[in-house]
Amino acid sequence: AGIEKLDQLPRFLRALAQTAGQLCNYTQLAGQVGLDGKTAARYVGVFERMFLLQRVDVWARNRLSRVIKTPKLQFIDSGLLSSLLELTAEAVEQDRTRLGQVLETFVYSELLKHATCADGDYSLMYYRDTDQFEVDLVIENAAGQLVGVEVKAAATVKPSDLRGLKKWSGVAGERFKMGVVLYDGDETLPLGDGLWAVPLSTLWGT
């Protein structure tokens, strides 16, 4: 790959871990660890080819907007992300808020596996508008049908957890099929307007 400044590569990966699943100016972040913009872009490309990271495009009705708007970088391996964040089981017990970032990565990687193995073509994206309404993951099939997924590291679902899904479903219109809040509970619960609370365990169970 012709890597330059190889000693800076692990530092840049650790810095990216701090912003996993978030919008980030990666050139600016690279500058903080002593890298120029070109080297940072090359590193991100290398990380993608090593299947450490993947760019996640924004969902928009206008397909040009999907290309030109800022993608998120999502880690594929939640275990690697936990290691880079120095996040242990003990640390999660003391501060459960730190779990959210890793949990979203875990859900993304599980859905990526399902999308890869499923019949048909599926794309994984995210949604964010100018009013800061967000949906963690948007699943789109070849027919343009859409499912939104929010990830919550909590055993209950609050009305505020549905704000992004409700706003996005209105934008998606007739293409919206379902909104799902994956949470740390045991029951599948209808929340109205095509929204459901679903246990995280359904990702690997029935």
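A nonpolar core is a set of buried Ala, Val, Leu, Ile, Met, Phe, Trp, Tyr and Cys residues whose side-chain atoms join them within 4.5 Å. The exercises below use this term on a predicted model.

**Exercise 1.** How many residues does the largest nonpolar core have, and which helix gives the most to this core?

*Solution.*
Step 1. The largest nonpolar core has 47 residues.
Step 2. Those with the most contacts inside this core are Phe 12, Leu 16, Phe 47, Phe 75, Val 107, Leu 111 and Leu 182.
Step 3. With seven residues, helix H7 (residues 99-117) gives the most to the core.
Step 4. Another core, of 13 residues, lies apart from it; Leu 162, Leu 165, Val 181 and Leu 195 are among its members.

**Exercise 2.** Leaving aside neighbours within four places in sequence, which residues is Phe 12 in contact with?

*Solution.*
Step 1. Set aside the residues within four places of Phe 12 in sequence.
Step 2. The contacts that remain are Tyr 26, Leu 29, Ala 30, Val 33, Leu 35, Ala 40, Tyr 43, Val 44 and Phe 47.
Step 3. Phe 47 also appears with Phe 12 in the list of residues with the most contacts inside the largest core.

**Exercise 3.** Which parts of the chain does the pair Lys 167 and Asp 129 link, and is each residue buried or partly exposed?

*Solution.*
Step 1. A search of the whole structure finds nine salt bridges. In one of them, between Lys 167 and Asp 129, the closest N and O atoms are 2.8 Å apart.
Step 2. Lys 167 is in helix H8 (residues 163-172), while Asp 129 is in the loop between strand E3 (122-128) and strand E4 (134-141). The two residues are 38 residues apart, and the pair links distant parts of the chain.
Step 3. Buried means under 20% relative accessible area. Asp 129 has 16%, so Asp 129 is buried. Lys 167 has 29% and is partly exposed.

**Exercise 4.** Why does the pair Glu 140 and Arg 175 tie together parts that are apart in sequence?

*Solution.*
Step 1. Glu 140 and Arg 175 form a salt bridge, with 2.6 Å between the closest N and O atoms.
Step 2. Glu 140 lies in strand E4, and Arg 175 in the loop between H8 and strand E6 (176-183), so the pair ties together parts 35 residues apart in sequence.
Step 3. Both Glu 140 and Arg 175 are buried.

**Exercise 5.** Is Glu 150 buried or exposed, and how does Lys 152 count?

*Solution.*
Step 1. Glu 150 forms a salt bridge with Lys 152, the closest N and O atoms lying 3.5 Å apart.
Step 2. Glu 150 has a relative accessible area of 6% and is therefore buried.
Step 3. Lys 152, at 22% relative accessibility, counts as partly exposed.

Notes. Residues are numbered from 1 along each chain as its sequence is written. This is a predicted model: local features need pLDDT of at least 70, side-chain atom pairs count only at pLDDT 80 or more; totals for chains, interfaces and linings use all residues. Side-chain values use heavy atoms; hydrogens and water are left out. A salt bridge is a side-chain nitrogen of Lys or Arg within 4 Å of a carboxyl oxygen of Asp or Glu. Helices (H or I, at least four residues) and strands (E, at least two) are DSSP runs, numbered from the N terminus. Buried means under 20% relative accessible area, exposed over 50%, partly exposed in between (1.4 Å probe, protein chains only). Contact means heavy atoms within 4.5 Å.
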